[in-house]
Amino acid sequence: MTDTLSPVKPGKLIINGEAVDAASGRTYSTWNPATESPICEVAEAGAEDVDRAVRAARAAFESGPWPKMKPAERQRILFRLGDLILAHAEELGRLETLDNGKPIFESKMIDAPMVANCFHYFAGWATKLAGDTLPVNPAFFTYTLREPIGVVGAIIPWNFPMIMVGWKAAPALAAGNTVVLKPAELTPLTALRIAELALEAGLPPGVFNVVSGKGSVAGEAMVKHPGVDKISFTGSTEVGRHIMKTAADTMKRLTLELGGKSPNIVFADADLDAALKGATAGIFYGKGEVCAAGSRLLVESSIYDDFVARLSERSAKMAPSDPLDPKSRLGALVSEGQMQKVLGWVETGVKEGARVAAGGKRQPVNGKGWFVQATVLDGVDNQMRVAQEEIFGPVLAVIRFDGVDDAIAKANDVPYGLASGVWTRDVKKALNVSRRLQAGTVWVNAYNFYDAGMPFGGVKQSGFGKDLGPDSLNEYTHTKSVWMNLE
Ligand code: NAI
Ligand code: MG
């Protein structure tokens with residue numbers, strides 16, 4: 001492993017434009033999942049630090065320059081941040097890979113450019129958020145203003161620690177809000193670094209604050225804080241539900257992007273080579289620690305046996321490897337606990353009657369690391385727990401179906417509705433199935449495509465509200481109606 005190239009400096013909270021320690025002086029270690037060794041110490045925010053960050057964000061919103069600034073100036077600053085992130089892709093990619101265990105190919109070549117893409121895209125929106133003039137009554141001049149909400153609390157998960165900064169902070173800031181962001185305790189490093197770059201780009205103090213710390217302490221404090229107007233959360237459905245209840249006391253607005261058990265449906269008439277690649281990339285990208293992972297592969301009966309044989313062969317070849325190696329495509333799971341949980345799910349699947357057709361075991365790299373093999377569970381029934389619950393690891397549940405109606409019935413028969421994939425050469429079938437799937441996203445003959453300009457977010461227990469695209473700006477603005485009496 002080459003993670004000793006240069007030491008990572010200890011992480012500090014970024015509050016009101018300054019890097020500071022936690023009020024308690026507490027720190028914790030963040031770990032490298034590929035080497036099972038600590039990377040550095042990071043400040044651990046408590047309720048007092050969250051309060052300090054919220055006050056800074058509040059002051060920056062009420063009396064600072066950010067919301068009042070000419071939109072063109074906000075645009076320039078956010079665009080500059082996008083440029084800085086691109087210029088630091090190498091550094092950010094390395095930090096992300098050390099902290100999360102994902103392949104450097106993903107963190108440097110895909111994640112870092114995606115964060116930059118978010119700031120560039122939403123920078124453009126700063127100058128394009130407009131109200132309407134609505135001629136409802138000749139006695140009045142009636143119009144609407146599109147205003148920022150205020151202080152946005154962003155709480156993000158460990159699977160895409162830097163991408164989530166872009167998804168949440170970029171639209172919130174473009175609309176003129178100020179932000180307090182809490183990264184996941186397991187992966188704080190890139191968010192803290194991006195907050196430093198934000199200051200370098202010219203964001204005024206207090207506009208973008210980052211407080212690393214525990215969900216049950218710092219996260220909870222943010223959700224309860226009366227100075228926070230909105231919570232934008234990505235993470236587990238369980239915590240999302242808890243946040244929704246807690247936020248009720250202060251009537252906070254919410255965006256909740258939660259779990260998934262997304263179906264990836266392969267019809268017999270598909271380009272099967274492409275579908276095979278899409279099936280494996282759909283689950284093994286990001287080690288399967290992806291909310292939108294195509295974790296249920298639905299395969300049509302007439303091609304089932306052949307397809308599963310090819311799939312298993314392909315998966316067995318995807319050995320985990322050193323995530324810092326640019327050729328690595330399967331890294332380490334984020335924590336020992338997550339690895340144990342995922343291995344436990346494989347056992348559960350076997351007990352339920354599924355067959356392990358590939359992988360299924362831990363496979364250390366250079367004798368270390370929380371790596372799990374690319375795993376295929378064959379012969380899964382859609383009612384099994386491994387088909388109904390989020391595993392959040394490189395484990396694919398393969399389910400058989402007969403015809404379009406059966407595919408739709410099985411695809412929709414889960415509590416979640418985040419994403420989905422459809423593989424077919426039949427255009428009518430693709431369009432009809434896309435309509436009938438209960439999901440926030442449908443990929444046709446593709447999987448796992450994202451862009452800052454394309455809305456993303458689920459239905460059912462996958463949450464509500466949208467990240468990305470024009471829709472996401474609705475999550476960070478409210479409409480004020482103005483009636484001006486002309487008589
Ligand atoms: P989590 O939902 O606990 O963590 C997400 C974020 O919420 C983190 O920043 C965490 O600190 C924060 N948080 C936790 N409790 C909180 C509270 N009471 N108030 C406010 N914020 C709080 O997810 P966790 O524990 O890291 O992973 C557990 C499982 O959740 C995973 O095994 C996976 O199945 C699922 N998960 C799903 C994600 C998705 O995007 N669908 C992302 C992360 C985890
Ligand atoms: Mg870590």
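## Elements and the loop at P65

Helices, which are DSSP runs of H or I with at least four residues, and strands, which are runs of E with at least two, are numbered here from the N terminus. On that numbering, P65 is found in the loop that runs between helix 1 (47–62) and helix 2. The model is a predicted one, and every value below should be read with that in mind.

With a relative accessible area of 46%, P65 is partly exposed, because this value falls between the 20% limit for buried residues and the 50% limit for exposed ones. P65 is separated from W31 by 34 residues in sequence, and the C-alpha atoms of the two are 38 Å apart in space.

## Helix 3 and its surroundings

Helix 3 covers residues 89–100, and for its 12 residues a rise of 1.5 Å a residue gives an expected span of 16 Å, which agrees with the 16 Å between its end C-alpha atoms. Of these 12 residues 10 are buried, so the helix is largely enclosed by the rest of the structure. The buried set consists of A89, L92, G93, R94, L95, E96, T97, L98, D99 and N100, and it therefore includes charged residues such as R94, E96 and D99.

The packing partners of these buried residues are two strands, strand 3 (27–32) and strand 4 (37–43), together with helix 2 (71–87), helix 4 (104–126) and helix 6 (189–201). Just after helix 3, the backbone at G101 adopts a positive phi of about 95 degrees.

## Two buried polar residues in loops

N159 sits in the loop that connects strand 6 (151–155) to helix 5 (163–174), and its relative accessibility of 6% is under the 20% limit, so N159 counts as buried. Its side chain reaches the backbone oxygen of E289 at 3.1 Å. Leaving aside residues up to four places away in sequence, N159 touches N100, K102, E289, V290, C291 and F392; N100 is also one of the buried residues of helix 3.

D467 likewise belongs to a loop, the one between strand 20 (463–464) and helix 15 (469–474), and with a relative accessible area of 1% D467 is buried. The side chains of D467 and K168 are joined by a polar contact of 3.1 Å. Again not counting residues up to four places away in sequence, the residues that D467 touches include W167, K168, S232, T234, T255 and E257, as well as M454, P455, F456, S472 and Y476.

## Salt bridges

Side chains of opposite charge can pair when their charged atoms come close, and the structure holds 28 salt bridges. One of them joins E185 and K182, with 3.6 Å from N to O; E185 is partly exposed at 32% relative accessibility, whereas K182, at 2%, counts as buried.

Another salt bridge, at 2.7 Å from N to O, is formed by the side chains of E196 and R193, and both of these residues lie in helix 6, 3 residues apart, or about one turn of the helix. An α-helix has 3.6 residues a turn, so residues three or four places apart point the same way. E196, at 23% relative accessibility, counts as partly exposed, while R193, at 17%, counts as buried. K429 and D269 also form a salt bridge, their closest N and O atoms being 3.0 Å apart. This pair links distant parts of the chain, 160 residues apart, with K429 placed in helix 14 (residues 427–436) and D269 in the loop between strand 11 (263–266) and helix 9 (272–284). K429 is buried at a relative accessible area of 17%, and D269, at 27%, is partly exposed. Finally, through salt bridges that share partners, K9, E91, R193 and E196 are joined into one network.

## A nonpolar surface patch

On the surface, L134, V136 and W483 form a nonpolar patch, and together they have about 330 Å² of accessible area. Within this patch, W483 belongs to strand 21 (residues 477–485), and its relative accessibility of 55% is over the 50% limit, so W483 counts as exposed.

How values were computed:
Residues are numbered from 1 along each chain as its sequence is written. Chains are lettered from A and ligands numbered from 1 in the order in which they are written. This is a predicted model: local features need pLDDT of at least 70, side-chain atom pairs count only at pLDDT 80 or more; totals for chains, interfaces and linings use all residues. Side-chain values use heavy atoms; hydrogens and water are left out. The expected span of a helix is 1.5 Å times one less than its number of residues. Buried means under 20% relative accessible area, exposed over 50%, partly exposed in between (1.4 Å probe, protein chains only). Contact means heavy atoms within 4.5 Å. Patches are made of residues with over 30% relative accessible area and no salt bridge: like charges are joined within 9 Å, nonpolar side chains (Val, Leu, Ile, Met, Phe, Trp, Tyr) within 5 Å. Accessible areas come from the Shrake-Rupley method with a 1.4 Å probe; for residues, only the protein chains shown count as cover. A salt bridge is a side-chain nitrogen of Lys or Arg within 4 Å of a carboxyl oxygen of Asp or Glu. A polar contact is a pair of N or O atoms within 3.5 Å; within protein, one must be able to donate a hydrogen and the other to accept it, and residues adjacent in sequence count only if both atoms are side-chain atoms.
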